[in-house]
Amino acid sequence: RIVASSVPGEIGSRIYDEDIQKYRTQSGPEVFSHKRGNKLVYSMLVPIHNEKPCQRCHGSDHKIRGVLDVEVSTMKTASRIRTLRIRTTIFSVLTLLALGFALTIATSLLVTKPVESMIKTMKKVQDGDLSVRVDEQRGDEIGRLAISFNSMVEELQRAHEEIRRCHIEEMQRVERMATLGELAAAIAHEIKNPLAGISGAIQVIAEELKEDDSKKEIVTDILSEIERLDKTVRDLLTFAKPVSPKMIPVDISSVIERSINLIRLKAEKQNVKVHFRPSEVIIRADPEQLTQVFLNIMINAIHSMPEGGELRAELHKDADQLVVKISDTGFGIPPDRIKDVFKPFYTTKHTGTGLGLSISKNIVEAHGGTLDVESQLGVGTTFIVKMPLTKET
Ligand SMILES: Nc1ncnc2c1ncn2[C@@H]1O[C@H](COP(=O)(O)OP(=O)(O)OP(=O)(O)O)[C@@H](O)[C@H]1O
Ligand SMILES: [Mg+2]
């Protein structure tokens, strides 16, 4: 029976059977756990030996006088552990949430915001606003990216300004040229007929003069001046009102030969040797207009060799192009003037109108080709005509 207990009401009742059972089976005092109702309980049973001093009151009949049964319930500890676990879980979740929030804000401030602002700026640039720039203050990769981006936009803006300026200049030039061309054409038209009349009249006078007449030379001079004026008038009209080419299959060699024949006399007079090895290349072109191109280039070449020299014409096929090169051994063109030679009215000659090359360039371009020049001062000049070869050629 229980004689003393910390649990009120237990005194006088019997010790639990399971405790007695455990006590009997155990070899010494040990802690064991078991269920008491639905509670987990840790117990330890320690025998109270009947020691000598005890025997004075209790006699020596029994070796053991009783059992000390210590029981500790785990309920309180378990509930504290549970509370702690819940607290730890809540704390962990809150910490994780706070960390996630902080990370999101940091990413937004450090990466997302600047990148978004850069994308917005790029969009503006794409839409044509080249005055925008992104913030370059940061010292990291994004900062470096911003610097590169800004310098790229700056370059773009500079190039854009340059193109705009060139475009305006070009438009003004074209406008000027159009007005000039119209004016030139009107004047040329007015001059053409009276000039033809004067030329006819002078020719009649020239025929009436005897060969040994002193006035014969003057009349011949007048005629050659009229011829020059007539060429100028024709050039002005061709320049102001270019005629579209009448394309037919032509052997380009025969066109070059025809042009050479027209300048041969002039070349011989000036001690210029002409070289050309013909080879048949048929292209679709206007033979009259191409003759004018080669003639203009060859006359210029002869003008550049007052002391004589060599005039060479070559032609070859290059992929789908026909290439004609006309070169001279004349005085050449100064490098700073080379860009001007195709400009209308650019001339370095007393008697020139400066229209020969611009007319030639217009004609070649109307044929879908290009006209270029290479020159070395004191060595010579080469004009390069490139024109597309038609499929059937
Ligand atoms: N082969 C060349 N060698 C050196 N300079 C040349 C040559 N061809 C052209 N030039 C230069 O280019 C200028 C322009 O030539 P372009 O044929 O357009 O006009 P031009 O010969 O002066 O006059 P024109 O209208 O009578 O032909 C020439 O005045 C000359 O300064
Ligand atoms: Mg010329």
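Mentor: Let us begin with a rule we shall need: two strands pair if DSSP finds at least two bridges between them. This model is predicted, and the rule lets us read its sheets step by step.

Trainee: How do you know that strand 9 and strand 10 are paired?

Mentor: Strand 9 and strand 10 (residues 380-388) are joined by 7 bridges and run antiparallel; since at least two bridges are required, the two strands count as a pair. To find a particular place in this pairing, look at Val373, which stands opposite Phe383 in strand 10.

Trainee: What makes strand 5 and strand 9 edge strands in their sheet?

Mentor: The sheet they belong to is open, with 5 strands in the order 5-7-8-10-9 and mixed pairing. Strand 5 and strand 9 (370-376) each pair on one side only, and this is what makes them its edges. Ignoring direction, neighbouring strands of this sheet are turned against each other by 15 degrees on average.

Trainee: Which strands of this sheet does helix 6 touch?

Mentor: Helix 6 packs on the sheet with contacts to strand 5, strand 7, strand 8 and strand 10, and its direction makes about 170 degrees with that of strand 5. Helix 8 (residues 356-366) also packs on the sheet, where it touches strand 9 and strand 10, at about 135 degrees to the direction of strand 9.

Trainee: How do you know where the largest nonpolar core lies with respect to domain 2 and domain 3?

Mentor: The largest nonpolar core has 54 residues, and those with the most contacts inside it are Ile252, Ile283, Phe294, Leu311, Leu322 and Val324. Domain 2 (130-241) and domain 3 (244-388) both contribute residues to this core, and therefore it lies between them. Another core, of 9 residues, lies apart from it and includes Leu130, Ile142, Ala146 and Val153. As for Phe294, once residues up to four places away in sequence are set aside, it touches Ile252, Val255, Ile256, Ser259, Val324, Ile326 and Val385.

Trainee: Why is Asn271 called exposed?

Mentor: Its relative accessibility is 59%, and exposed means over 50%, so Asn271 falls in that class. Asn271 sits in the loop between helix 6 (252-269) and strand 5 (272-276).

Trainee: What makes the phi of Asn271 worth a second look?

Mentor: Most residues other than glycine have a negative phi. Asn271 is not a glycine, yet its phi is positive, at about 65 degrees. Ala319, likewise not a glycine, has a positive phi of about 55 degrees; it lies in the loop between strand 7 (309-318) and strand 8 (321-328). With a relative accessible area of 73%, which is over 50%, Ala319 is exposed.

Trainee: Turning to the cysteines, how do you know how many disulfides the structure has?

Mentor: A search of the whole structure finds 0 disulfides. Cys54 is in none, as its nearest cysteine sulfur, that of Cys57, is 8.3 Å away, and Cys57 in turn has the sulfur of Cys54 as its nearest, at 8.3 Å. A disulfide would need the two sulfur atoms within 2.5 Å, so this pair does not qualify.

Trainee: Why do Cys54 and Cys57 fall in the exposure classes they do?

Mentor: Cys54 has 27% relative accessibility and counts as partly exposed, because this value lies between the 20% limit for buried and the 50% limit for exposed. Cys57, at 71%, is over the upper limit and counts as exposed.

Trainee: What makes strand 1 and strand 3 edge strands?

Mentor: They belong to an open sheet of 3 strands with the order 1-2-3 and antiparallel pairing. Strand 1 (31-36) and strand 3 (64-73) each have a single partner strand, so one side of each is left without a neighbour in the sheet. The twist from one strand to the next averages 35 degrees. Strand 1 is joined to strand 2 (residues 39-49) by 6 bridges, and the bridge partner of His34 in strand 2 is Val41. Helix 1 (residues 17-25) lies across strand 1, strand 2 and strand 3, at about 160 degrees to strand 1.

Trainee: Why is Tyr16 called partly exposed?

Mentor: Tyr16, found in the segment before helix 1, has 33% relative accessibility, which is neither under 20% nor over 50%, so it counts as partly exposed. Leaving aside neighbours within four places in sequence, Tyr16 is in contact with Glu10, Arg36 and Glu71.

Key. Residues are numbered from 1 along each chain as its sequence is written. Chains are lettered from A and ligands numbered from 1 in the order in which they are written. This is a predicted model: local features need pLDDT of at least 70, side-chain atom pairs count only at pLDDT 80 or more; totals for chains, interfaces and linings use all residues. Side-chain values use heavy atoms; hydrogens and water are left out. Buried means under 20% relative accessible area, exposed over 50%, partly exposed in between (1.4 Å probe, protein chains only). Helices (H or I, at least four residues) and strands (E, at least two) are DSSP runs, numbered from the N terminus. Axes are lines fitted to C-alpha atoms, for helices over the stretch in contact, and angles run from 0 to 180 degrees between N-to-C directions. Contact means heavy atoms within 4.5 Å. A nonpolar core is a set of buried Ala, Val, Leu, Ile, Met, Phe, Trp, Tyr and Cys residues joined through side-chain atoms within 4.5 Å. Domain bounds come from an automatic or database domain assignment.
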